[in-house]
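Please open the structure in your viewer and keep the sequence panel beside it, since this tour moves from one selection to the next. At each stop, make the selection before reading on.

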Amino acid sequence: MLDHTITGGGGIRLHLLENGNIRGRPIVFIHGISQSSHTWMRQLNSDLARTYRLIAMDLRGHGLSDKPQDAYADSRLWADDVQAVIEELELDHPVLCGWSYGPLVILDYVRHFGESAVGGLIFVGGVTKLGSDEAASVLTADFLNLVPGFFSDDTEQSVRSLRDLIKLCHAQELSEEDRYHMLGYNVSAPAFVRRAMLTRSIDNDDLLPGLRKPALIAHGSSDAVVKAAVIERQMRSIKSATIQMMNTGHACFWDDAPGFNQSLRNFADTL
């Protein structure tokens, strides 16, 4: 496993993890809010590494990346972060794979840089908009009820909400080791980062019908964070998309890592 530190949008330092075949198709994994590159360990440490070049970002404000106070509202900054990964690691038409909030970052990138430098797109339990009643309508009440705790500067309330988020994300019972590992990187993202990210007002639905690169939409049938209604309301307008429902919770890639990894392989091998 390699560690990289690169310069992202606005000059901040971004941390990346890399594993796999340096000559293989690059796959860039983009995690959700309050998560980290470690979210993708069941991909980074899998047999995918024999074939593909696997890179997992710590988004700005997360993990070992810089955590500036005010650098989360501008979509160009998020786009520049993804562009920096592609340029600094000299990635040839990578697959961009985003979970939950991750597709918002991918669409920030597409808005400013287009699709020409990427090979394909994967949205996992993803959303495409924030900051409106329509955007909130595809999020579950259980998730929305946790948002005040995500924003709280009170440590106990914040940790309690993040612990509940981890439970919501997984349909299967986690081991104690995995649960505490996840809680550790969840709490490492400051409350001001979560506030700034979730109070963005963005709508990327204008981009979806124009996407031309192959896309895979993976969604858990037991997702307790993002409703399956997001597929009909938003994702089906991506004409190039293949939609796959998985017997998992919100974290498809964790609950059924072998199944998700095979789907990823099948998708990447067609590009």
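Begin by selecting helix α3, residues 102-113, in this predicted model. At 1.5 Å a residue, the twelve residues of α3 should span 16 Å, and because its end C-alpha atoms are 16 Å apart, the expected and modelled lengths agree.

Now keep α3 selected and ask how many of its twelve residues are buried. The helix is mostly covered, with nine of the twelve counted as buried, and you can pick them out as Gly102, Pro103, Leu104, Val105, Ile106, Leu107, Asp108, Tyr109 and Val110. To see what lies over these buried residues, show the elements that cover them, which include the strands β3 (26-30), β5 (95-99), β6 (120-124), β7 (129-130) and β8 (202-203), together with helix α2 (75-88). Before leaving, step just past the end of α3 to Gly114, where the backbone takes a positive phi of about 75 degrees.

Next, select two helices together, α7 (residues 155-169) and α8 (residues 176-187), which pack at an angle of about 130 degrees with their axes 10 Å apart. That angle is why α7 is described as oblique to α8, and the crossing in which α7 passes α8 is right-handed.

Which residues of the two helices meet? On the α7 side, show Val159, Leu162, Arg163, Leu165 and Ile166, and on the α8 side show Arg179, Met182, Leu183, Asn186 and Val187. Coloured by class, this contact between α7 and α8 has seven nonpolar, one polar and two charged residues. As you look along the helices, bear in mind that an α-helix has 3.6 residues a turn, so residues three or four places apart point the same way.

Stay on α7 and select Asp164, which is found in this helix. Asp164 has a relative accessible area of 29%, and therefore counts as partly exposed. If you then add Ile86 to the selection and draw a C-alpha to C-alpha distance, the viewer should show 34 Å between Asp164 and Ile86, which are 78 residues apart in sequence.

Finish with α8 alone, whose twelve residues should span 16 Å at 1.5 Å a residue, and whose end C-alpha atoms are 16 Å apart, so the two values agree. Highlight its buried residues, Asp178, Met182, Leu183, Tyr185 and Asn186, and then show what they pack against, namely α1 (41-44), α7, α9 (191-198) and α11 (252-255).

Technical notes
Residues are numbered from 1 along each chain as its sequence is written. This is a predicted model: local features need pLDDT of at least 70, side-chain atom pairs count only at pLDDT 80 or more; totals for chains, interfaces and linings use all residues. Side-chain values use heavy atoms; hydrogens and water are left out. Axes are lines fitted to C-alpha atoms, for helices over the stretch in contact, and angles run from 0 to 180 degrees between N-to-C directions. Helices (H or I, at least four residues) and strands (E, at least two) are DSSP runs, numbered from the N terminus. Angles under 35 degrees count as roughly parallel, over 145 as roughly antiparallel, 65 to 115 as roughly perpendicular and the rest as oblique. A crossing is left-handed if the near helix is turned anticlockwise from the far one by less than a right angle, and right-handed if clockwise. Contact means heavy atoms within 4.5 Å. Ala, Val, Leu, Ile, Met, Phe, Trp, Tyr, Cys and Pro count as nonpolar, Asp, Glu, Lys and Arg as charged, and the others, Gly among them, as polar. Buried means under 20% relative accessible area, exposed over 50%, partly exposed in between (1.4 Å probe, protein chains only). The expected span of a helix is 1.5 Å times one less than its number of residues.
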